[in-house]
Amino acid sequence: KVFVIGTGVAGLSAIATAHALGAKVYANDVRDAAREQVQSMGAEFIPVDATGVAGEGVGGYATEMGLEYKKAQLATYAQVVKEMDVVIATAMLPSHAA
């Protein structure tokens, strides 16, 4: 089982590679619009239980999320990560240090 955090170009590539190697792939992104891309690649999208948050900024890039979203995100990850064999974090915000 592989969990990919961040489904931009690098994340989608990680999904494709893990899927090609036979892994069951799960993924998350702050951009709800990424759900369709994740699912179209054969991965299961793991949503964060935070209503009314899109997480998408200018040019389709992710935006920095507020404290409440971050708390919900960490709670979701805490549940999901313990079931995974591999976690790949590709998420990054434009103009922020990696």
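Strand S1 (residues 2–5) is covered on both of its faces: Val2 and Val4 point to one side, Phe3 and Ile5 to the other, and all four are buried. The model is a predicted one, and S1 makes a handy starting point for a walk through it. In the open sheet, the strand order is S3-S2-S1-S4, with parallel pairing. The protein has three helices and four strands, which follow one another from the N terminus as β-α-β-α-β-α-β.

**The sheet around S1**

- S1 and S2 run parallel and are joined by four bridges.
- Across this pairing, Phe3 stands opposite Tyr26 of S2, and Val4 stands opposite Ala27 of S2.
- S1 is also joined by four bridges to strand S4 (residues 86–89), again in parallel; here Val4 has Ile88 as its bridge partner.
- The strand order of the sheet, S3-S2-S1-S4, puts S3 and S4 at the edges, where each has a single partner strand, so one side of each is left without a neighbour in the sheet.
- S1, H1 and S2 together make a β-α-β unit, and its hand is right-handed.

**Two nonpolar cores**

- As a general background, nonpolar side chains in soluble globular proteins tend to be buried together.
- The largest nonpolar core here has 11 residues: Val2, Val4, Leu12, Ala14, Ile15, Ala18, Val25, Ala27, Val38, Ala43 and Phe45.
- S1, H1 and S2 are the elements that give two or more residues to this core, and H1 gives the most, with four residues.
- Another core lies apart from this one; it has seven residues, including Phe3, Ile5, Val80 and Met84.
- Read alongside the two faces of S1, the picture is a neat one: Val2 and Val4, on one side of the strand, belong to the largest core, while Phe3 and Ile5, on the other side, belong to the separate core of seven residues.
- Val4 is worth a closer look: leaving out residues up to four places away in sequence, Val4 touches Gly11, Ala14, Ile15, Val25, Tyr26, Ala27, Asn28 and Ile88.

**Buried polar and charged residues**

- Asn28 sits in strand S2 and is buried, because its relative accessible area is 1%, under the 20% cut-off.
- Beyond its neighbours within four places in sequence, Asn28 is in contact with Phe3, Val4, Ile5, Gly6, Thr7, Phe45, Ile46, Pro47, Val48, Gln73 and Tyr77.
- Thr76 has its place in helix H3 (residues 67–81) and is buried too, with a relative accessible area of 14%.
- Setting aside neighbours within four places in sequence, the contacts of Thr76 are Ile46, Pro47, Val48 and Asp49.
- Ile46, Pro47 and Val48 thus appear among the contacts of Asn28 and among those of Thr76.
- Arg31 is found in the loop between S2 and helix H2 (34–40), and at 12% relative accessibility this arginine counts as buried.
- Arg31 and Thr7 are 24 residues apart in sequence, and their C-alpha atoms are 8.7 Å apart in space.

**The salt bridge**

- The structure holds one salt bridge, in which the side chains of Lys24 and Glu44 meet at 3.9 Å, N to O.
- Lys24 lies in the loop between helix H1 (9–20) and strand S2 (25–28), and Glu44 lies in strand S3 (residues 44–45), so the pair ties together parts that are 20 residues apart in sequence.
- Lys24 counts as partly exposed at 39% relative accessibility, and Glu44 counts as partly exposed at 36%.

**The protein as a whole**

- Of its 98 residues, 35% count as buried.
- The protein exposes about 5900 Å², and carbon and sulfur atoms supply 58% of that area.
- Taking contacts between residues at least 6 apart in sequence, 51% join residues at least 24 apart.

Notes: Residues are numbered from 1 along each chain as its sequence is written. This is a predicted model: local features need pLDDT of at least 70, side-chain atom pairs count only at pLDDT 80 or more; totals for chains, interfaces and linings use all residues. Side-chain values use heavy atoms; hydrogens and water are left out. Buried means under 20% relative accessible area, exposed over 50%, partly exposed in between (1.4 Å probe, protein chains only). Contact means heavy atoms within 4.5 Å. Accessible areas come from the Shrake-Rupley method with a 1.4 Å probe; for residues, only the protein chains shown count as cover. A salt bridge is a side-chain nitrogen of Lys or Arg within 4 Å of a carboxyl oxygen of Asp or Glu. Two strands pair if DSSP finds at least two bridges between them. A crossover is right-handed if, with the strands pointing away from the viewer, the path from the first strand over the helix to the second runs clockwise. A nonpolar core is a set of buried Ala, Val, Leu, Ile, Met, Phe, Trp, Tyr and Cys residues joined through side-chain atoms within 4.5 Å.
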